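User: I should like to learn how to read the features of a structural model step by step. Please take me through the one shown here.

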Amino acid sequence: MKKYARSIAILLAMITAIGLSAQQQGLHSDHVAKENDWSELTAGMEKMHVAMGAMEPSGNSDLDFVKLMLPHHEAALDMARAELLHGKDPQMRRLAQEIITDQQSEIELMQLWLKQHEPHR
């Protein structure tokens, strides 16, 4: 009887260990997915900060405004695309799509304005 009890105890310990390992792997993959989602959301912001920080004031408020707004809008596009890839909430996904449409249109307008107003080098 002791022999069977010991075998059952070992078997239960193994089943528990396998179950915990599988659960930890699931938690790990959830954590990695969350980190990837977050890194996609913040990558655009980091790129924006670098671009904005590298700009020198021109003395022309309109030109500086547009040059600073372009990376800001591009970061919004990056974040909205990340939401469409990973987001689940229909309202937030719809907002992300609207941001993409609106911000892209505004980027095109600003780029056209820059071509018309930026001093030629």
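User: To begin with a single residue, in which helix is the place of Asp78?

Analyst: One starts by assigning a residue to its element and then looks for its partners. The model is predicted, and in it Asp78 belongs to helix α2. Leaving out residues up to four places away in sequence, Asp78 touches Gly44 and Lys47. Asp78 and Glu40 are 38 residues apart in sequence, yet their C-alpha atoms are 7.8 Å apart in space.

User: How many helices and strands does the secondary structure of the protein chain come to?

Analyst: An inventory of elements comes before any discussion of packing. The protein chain has 3 helices and 0 strands, and along the sequence its pattern reads α-α-α. Of its 121 residues, 16% are buried. Among contacts between residues at least 6 apart in sequence, 58% join residues at least 24 apart.

User: At what angle do helix α2 and helix α3 pack?

Analyst: For a pair of helices, one reads the angle, the axis separation and the handedness together. Helix α2 spans residues 61-86 and helix α3 residues 90-117; they pack at about 155 degrees, with axes 8 Å apart. Angles over 145 degrees count as roughly antiparallel, and α2 and α3 are therefore roughly antiparallel to each other. The crossing of α2 past α3 is left-handed. The residues of this contact comprise 17 nonpolar, 5 polar and 7 charged.

User: Which residues form the largest nonpolar core?

Analyst: In soluble globular proteins, nonpolar side chains tend to be buried together. Here the largest nonpolar core has 10 residues, including Leu63, Val66, Leu70, Leu77, Ile100 and Ile107. The elements that give two or more residues to this core are α2 and α3. Ile107, one of the core residues, is in contact with Leu70, His73, Glu74 and Leu77 when neighbours within four places in sequence are set aside.

User: His73 appears among the contacts of Ile107. Does His73 count as buried or exposed?

Analyst: Such a call rests on relative accessibility, and a residue under 20% is taken as buried. His73 has a value of 4%, so it counts as buried. His73 lies in helix α2 and, apart from residues up to four places away in sequence, touches Gln103, Glu106, Ile107 and Met110. His73 and Gln103 are 30 residues apart in sequence, with a C-alpha to C-alpha distance of 5.9 Å.

User: Where does Pro57 lie, and why does Pro57 count as it does in terms of accessibility?

Analyst: Loop residues are read in the same way, by position and then by accessibility. Pro57 is in the loop between α1 (2-53) and α2. A residue over 50% is taken as exposed; Pro57 has 69% relative accessibility and therefore counts as exposed. Pro57 and Lys67 are 10 residues apart in sequence and 9.6 Å apart in space, C-alpha to C-alpha.

Conventions. Residues are numbered from 1 along each chain as its sequence is written. This is a predicted model: local features need pLDDT of at least 70, side-chain atom pairs count only at pLDDT 80 or more; totals for chains, interfaces and linings use all residues. Side-chain values use heavy atoms; hydrogens and water are left out. Axes are lines fitted to C-alpha atoms, for helices over the stretch in contact, and angles run from 0 to 180 degrees between N-to-C directions. Helices (H or I, at least four residues) and strands (E, at least two) are DSSP runs, numbered from the N terminus. Angles under 35 degrees count as roughly parallel, over 145 as roughly antiparallel, 65 to 115 as roughly perpendicular and the rest as oblique. A crossing is left-handed if the near helix is turned anticlockwise from the far one by less than a right angle, and right-handed if clockwise. Ala, Val, Leu, Ile, Met, Phe, Trp, Tyr, Cys and Pro count as nonpolar, Asp, Glu, Lys and Arg as charged, and the others, Gly among them, as polar. A nonpolar core is a set of buried Ala, Val, Leu, Ile, Met, Phe, Trp, Tyr and Cys residues joined through side-chain atoms within 4.5 Å. Buried means under 20% relative accessible area, exposed over 50%, partly exposed in between (1.4 Å probe, protein chains only). Contact means heavy atoms within 4.5 Å.
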